[in-house]
Amino acid sequence: AGAGAEEADYEDYEAYDEDEEGCFKSALESLDRLAIALGGGAMMPACFRYVPDFLGKADDWRYPFVGIMTISQTGEGSYKEMKKYLDNVLTLLSARLEDEHPRVRWAAVNCLGQMSSDFGPDLQRKHHATIVPALVRRMDASVEPVARVRGHAAAAMINFCEHADAKMLEPSLQPLLSHLAVMMQDVNGGKSREQAITTVASVALGVNSLFAPYYDGFVPFLKNMIATTLGPTRHEKRLRGKAIETISLIGVAVGRERFRADAAETMELLARTQREPLEADDPQIPYLHQACGRICRSLGAEFVPYLPTVLPSVLRSAALEAQDTRTPGMDDDYAEQDDRTDGMHTSALEEKKTACEMLLTYLTELKGAFFPYLEPAAKTLVPLLQYSMHTDIRTIAAEAMPALCRCAAAHVREQADASPAVVQQALDYIFPAVKEAIATEQNALVQSTMARSLGEIVEACQPAKLKPEML
C-alpha cells in the first residue's frame, strides 16, 4: 500500500492496536530481556551489526521501523555502552522523524520518549535543545498529518519532562502549549486528545510559575470540559477524569493564590459528581480522589465544607477488598516485587492506595478542622497497618497514625469546649495498634516507618500519657 493508505489505516486508533501484533510484541520484550541479561558489552555490537543498515533502507518502512525499535528496546540494558554514542543515535533518529512513513515517525518519537526515561537526566541536560523542538514539531498538525504520531509525541514529552527543568522547556514553551491546546480542543481527536490533556499537566508541573501566562488559555476550557463531558461511555468518563487531573495539577504548578477561585469552582463540579452514585469501576474515581487532595492543598480550610460530599467515596475506596488470587505459599515480598502486585486485582489496590493517600492529605492539611471525621478515618486506616496485600498501603497507614493524633490535639487546642480526653482516647487506640503492627511486620522499610510513627504519636498526644499495659 502507498504511504497515503498506510497513514489512513494508522490514523484509525480503534482499527489498529499494537498489542494485537503478538509475535512482534514478544520479540520486543525478548530484546529488552536479552539486553538486561547480557548487558551492553554483548548486546550493542550484535544489534549494531544490523541497525545502521536497517535505518538506511528507504524503500521498505519495516526495516527502519525495526531498527529504531531495537534501539528503543535495548537502551535500558545497554545503558553504559549506548550512553557513549548518544550523539550518533540522536542524529540517526532526527532523520527518521521526517520519514515519509508514519510508522517510522511514530517509532522515532517512541524511541525519544523511551530514551528520555532510560538516559535521563543526562540526556535532558545535554540534548534538550535538540529533543524538545523535535517533539514539538511532531505535535504540529501543519507538519505531522497523523494524529497517532502527534499524540505519541505528546506522550514522549511526558517522559522528557520527568527529568527536565523549566529552563530546558522555556524556549519551546509557547509552540508546545499552542499545539497541545489544538489537540485538546479537537473533539474528534480520540486518544491523542486524551494524551494532550495529560501532557499539559506534565508540562505545567515542569515549568511551574512559567505556566502563568498560559493559565487563562487552559483552565476555562478544562472547567467547561468537566462540566459538559457527562456521557455514559468509559472513554468519556476517562476523558473527564484526565481533565480533572490536569486542572488540579495546573493549580499545583501556579500556586494557591492564582488557583484559589478556580479551585472552588472546580470543587463544586467535582462535588456534584460525587453526590451522584458512581459505578464501582468508574474510571473517574481515582482522578476525583487525587484532584480533591490537590485542591484541598490549594484551598486549605476553605475545603472543609466539601468534606461531607467527598469523604464517603474516599472511605469506600479505602475500605475496598481486592481479591487475592495468589498461589498459596507465595509470600508478600514476591507478590509485590517491582511495585507490581501479581495475582491480585491491581486496579482495586491502586484505588485503595490512592484513597488512603487522600485521607492522609486531608488529615495533614486540615488538622483540627478534620476532627468531625476523625473516627471513621481512624477505623478505616488503623486496620490497614497489617494489610498483607500491599506494602505501600501499610506505609501510608503508618504515616497517617501521627496525623490522626495531631488532628485530635489540634481540635482540643482550637475548640474551647473540647475535652482533652479525646487525645487520650486517640493515644489509647492508635499506639497499641502500631506497636502490634511493628511486631508482625516483615518488611524492614515499612517497619522503620512504623517505629518512627510510634515516636511521633507520643509527641503529638502530649500531655496524654501511655498506660503501663501499653508499654
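# Exercises on a predicted helical model

Ile-131 lies in helix 9. The model used in these exercises is predicted.

**Exercise 1.** Determine whether Ile-131 is buried or exposed, and list its contacts beyond its neighbours within four places in sequence.

*Solution.*
Step 1. The relative accessible area of Ile-131 is 1%. Buried means under 20%, so Ile-131 is buried.
Step 2. With neighbours within four places in sequence left aside, the contacts of Ile-131 are Leu-90, Leu-112, Leu-123 and Phe-160.
Step 3. For a distance in space, take Val-109: its C-alpha is 9.8 Å from that of Ile-131, and the two residues are 22 apart in sequence.

**Exercise 2.** Find the partner of Arg-138 in a salt bridge, and state where each residue of the pair lies.

*Solution.*
Step 1. The partner is Glu-98, with 3.0 Å between the closest N and O atoms.
Step 2. Arg-138 belongs to helix 9 (residues 122-139), whereas Glu-98 sits in the loop between helix 7 and helix 8; the pair links distant parts of the chain, 40 residues apart.
Step 3. Arg-138 has a relative accessible area of 2% and is buried. Glu-98, at 43%, is partly exposed.
Step 4. The two residues also belong to a network of salt bridges that links Glu-98, Arg-105, Arg-137, Arg-138 and Glu-144.

**Exercise 3.** Compare the burial of the residues in two further salt bridges, Asp-99 with Arg-96 and Glu-302 with Arg-260.

*Solution.*
Step 1. In the bridge between Asp-99 and Arg-96, the closest N and O atoms are 2.4 Å apart. Both Asp-99 and Arg-96 are buried.
Step 2. Between Glu-302 and Arg-260 the N to O distance is 3.1 Å. Glu-302 is in the loop between helix 17 (284-299) and helix 18 (307-318), and Arg-260 is in helix 16 (residues 256-275), so this bridge ties together parts 42 residues apart in sequence.
Step 3. Glu-302 is partly exposed at 42% relative accessibility, and Arg-260 is partly exposed at 22%.
Step 4. For context, the structure holds 21 salt bridges.

**Exercise 4.** Describe how helix 14 and helix 16 pack.

*Solution.*
Step 1. Two packed helices are described by the angle between their axes and the distance between the axes.
Step 2. For helix 14 (residues 215-228) and helix 16, the angle is about 10° and the axes are 10 Å apart.
Step 3. Angles under 35 degrees count as roughly parallel, and helix 14 and helix 16 are therefore roughly parallel to each other.
Step 4. Helix 14 contributes Tyr-215, Asp-216, Val-219, Lys-223, Ile-226 and Ala-227 to the contact, and these meet Arg-258, Phe-259, Asp-262, Glu-265, Thr-266, Leu-269 and Leu-270 of helix 16.
Step 5. Sorted by character, the residues of this contact are 7 nonpolar, 1 polar and 5 charged.

**Exercise 5.** Work out how helix 5 is covered, and which elements cover its buried residues.

*Solution.*
Step 1. Helix 5 (residues 62-74) has 13 residues and reaches 18 Å from its first C-alpha to its last, close to the 18 Å expected.
Step 2. Of these 13 residues, 10 are buried, and helix 5 is mostly covered.
Step 3. The buried residues are Pro-64, Phe-65, Gly-67, Ile-68, Met-69, Thr-70, Ile-71, Ser-72, Gln-73 and Thr-74.
Step 4. The cover over the buried residues of helix 5 includes helix 2 (22-38), helix 3 (40-47), helix 4 (51-56), helix 6 (79-83), helix 7 (86-96) and helix 8 (102-118).

Methods: Residues numbered from 1 in each chain as written. Predicted model: local features only at pLDDT ≥ 70, side-chain atom pairs only at ≥ 80, totals over all residues. Heavy atoms only, no water. Helix = DSSP H or I, 4+ residues; strand = E, 2+ residues; numbered from the N terminus. Expected span 1.5 Å × (residues − 1). Buried < 20%, exposed > 50% of the residue type's maximum accessible area, 1.4 Å probe, protein only. Contact = heavy atoms within 4.5 Å. Salt bridge = Lys/Arg side-chain N within 4 Å of Asp/Glu carboxyl O. Axes fitted to C-alpha atoms, helices over the stretch in contact; angles between N-to-C directions. Parallel < 35°, antiparallel > 145°, perpendicular 65-115°, else oblique. Nonpolar A, V, L, I, M, F, W, Y, C, P; charged D, E, K, R; others polar.
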